[in-house]
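Please examine the sequence and the three-dimensional structure shown below. The paragraphs that follow proceed from the whole chain to single helices, loops and residues.

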Amino acid sequence: MKKRTLVSALLAGMLLSPLASAGDLDSALNNELRTPANAERDDSRHPKQTLHFFGVKPNHTVIELWPGGRWYAEILAPYLAKEGHYIGANFDANPPKDVKSPGYKIRLGKALEEWITTNKTQLGHASSFPFEPPRLSSLGEDNSADVVLTFRNLHNWAMQDQLQTVFDSAYSVLKPGGIFGVVEHRSNPGMDPKSGYMSQEQTIEMARKAGFDLVASSEINANPKDTKDYPKGVWTLPPRLAMGDQDKQKYVAIGESDRMTLKFIKK
C-alpha cells in the first residue's frame with residue numbers, strides 16, 4: 001500500500017513538473033519560470049493566439065531572434081522542452097575586444113545564457129548563440145529549423161541596414177515548409193524606422209525577396225488607438241513610457257503599439 005502511494009505521488013509530481021507538462025501551451029503560459037511583470041502583459045501581447053497563428057508545435061525546433069529580456073523565451077523554452085528545441089539567437093555576450101557593443105546587449109546576452117543554464121532541468125535542450133549581423137549572421141545549419149520568430153525587432157536591423165541579411169538568414173536555416181513569424185510595430189506610410197515603426201508592405205516585399213511566400217496576416221496584435229505620432233516614437237507608449245510622467249495617463253490609455261503579425265513560409 002505504501003509502495004502504491006509512493007508511485008502515485010511520483011507520477012503526480014511528473015505530471016505537474018514544467019518539463020512534463022509544458023507541451024501544453026496553457027501550461028507554458030503559466031509555468032513557474034515566467035517573470036510576473038512579463039505575464040502581466042499577456043493581454044497586450046496575446047502570446048497564445050500569436051503562437052497558435054504561427055503554428056508552433058511542441059516538437060518543433062524554434063529559433064527566436066533577439067529574445068532580449070526573455071518575454072517569449074519564458075513561454076517558448078518550457079513549451080518546447082520535452083519534445084522540441086528552443087534556440088535563442090541573441091546578443092553576443094562575449095564580443096571581441098575590437099568590437100564596440102552596448103553594455104545592455106552584453107548584459108542581456110549573458111542573462112539568457114545564465115537563465116538557460118540555471119533552469120536546464122525545466123528547459124530540456126534549450127540553447128542560445130550570438131547573432132549580430134553582419135558580423136555574426138548565420139542562424140545555423142541550412143534547412144535545420146521548423147520555425148524562426150522575431151518579435152518587435154525589425155526596426156533595429158533596418159536602422160543598421162541589415163534587415164535583408166536577417167531575412168536571408170532566416171530563409172536559409174528553415175526547412176522547406178518552415179515558418180517565419182514576424183510581429184512588429186506597424187508604421188503609417190512614409191515613417192522612418194528610427195521611430196520604431198516599420199512598413200508592413202516593405203516587410204512583405206523584403207521577405208519575398210528572400211524567397212518567402214506570405215501565408216497569412218493577422219490583426220491579433222493590432223491597436224487602432226495608436227496614432228504613431230509621438231515625441232519619442234513607439235517608445236513613448238507602454239511598456240517603455242519614454243516621456244516619464246509627461247502625459248503618462250494619455251499614453252497608458254492608448255496602450256501598446258499597433259503591430260503587424262505576418263506568417264511566411266519557405267517552399
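A residue is called buried when its relative accessible area is under 20%, exposed when that area is over 50%, and partly exposed in between. The model shown here is a predicted one, and by this criterion 49% of the 267 residues of the chain count as buried.

We begin with the chain as a whole. Its secondary structure consists of 13 helices and seven strands. How does the radius of gyration of the chain compare with that of a compact globule? For 267 residues, a compact globule would have a value near 18 Å; the chain has 19 Å, which agrees. Along the principal axes, the C-alpha trace spans about 75 × 45 × 40 Å. Contacts within the chain can also be sorted by distance along the sequence. Among those with a separation of 6 or more, 75% are between residues 24 or more positions apart.

The surface comes next. About 13200 Å² of the chain is exposed, and carbon and sulfur atoms supply 52% of this area. The chain also carries 33 positive and 31 negative charges, and the mean positions of these two sets are 4 Å apart.

Two helices illustrate how burial can be distributed. In helix α7, which comprises residues 73–80, eight of the eight residues are buried, and the helix is thus described as mostly covered. Its buried residues include Ala73, Glu74 and Tyr79.

Helix α6 covers residues 47–54, and its buried residues are Pro47, Thr50, Leu51, Phe53 and Phe54. Why do these buried residues line one face of the helix? Seen down the axis of α6, they fall within an arc of 155°, so they lie along one face. A general property of helices is useful here: an α-helix has 3.6 residues a turn, so residues three or four places apart point the same way.

Glutamine 49 also belongs to helix α6. Is this residue buried or exposed? Glutamine 49 is partly exposed, because its relative accessible area of 43% lies between the cut-offs of 20% and 50%. From glutamine 49 to serine 127 there are 78 residues in sequence, and the C-alpha atoms of the two are 25 Å apart in space. After α6 comes glycine 55, which has a positive phi, near 75°.

The loops hold further backbone details. One loop runs between β3 (127–130) and β4 (145–151), and proline 134 is found in it. The peptide bond leading from proline 133 to proline 134 is cis, with omega near 5°. Asparagine 143 is found in the loop between β3 and β4 as well. Although asparagine 143 is not a glycine, its phi is positive, near 60°. With a relative accessible area of 41%, asparagine 143 is partly exposed.

Another loop connects β6 (213–218) with α13 (248–254), and proline 239 is found there. A cis peptide bond joins proline 238 to proline 239, with omega about 5°. Aspartate 247 lies in the loop between β6 and α13 too. This aspartate 247 is not a glycine, yet its phi is positive, about 55°. Aspartate 247 is partly exposed, its relative accessible area being 42%.

Note on methods
Residues are numbered from 1 along each chain as its sequence is written. This is a predicted model: local features need pLDDT of at least 70, side-chain atom pairs count only at pLDDT 80 or more; totals for chains, interfaces and linings use all residues. Side-chain values use heavy atoms; hydrogens and water are left out. Helices (H or I, at least four residues) and strands (E, at least two) are DSSP runs, numbered from the N terminus. The radius of gyration is taken over C-alpha atoms; the globule rule is 2.2 Å times the number of residues to the power 0.38. Buried means under 20% relative accessible area, exposed over 50%, partly exposed in between (1.4 Å probe, protein chains only). Contact means heavy atoms within 4.5 Å. Accessible areas come from the Shrake-Rupley method with a 1.4 Å probe; for residues, only the protein chains shown count as cover. Lys and Arg count as positive and Asp and Glu as negative; His and the chain ends are not counted. The place of a charge is taken as NZ of Lys, CZ of Arg, CG of Asp or CD of Glu. The arc is that of the directions from the helix axis to the C-beta atoms.
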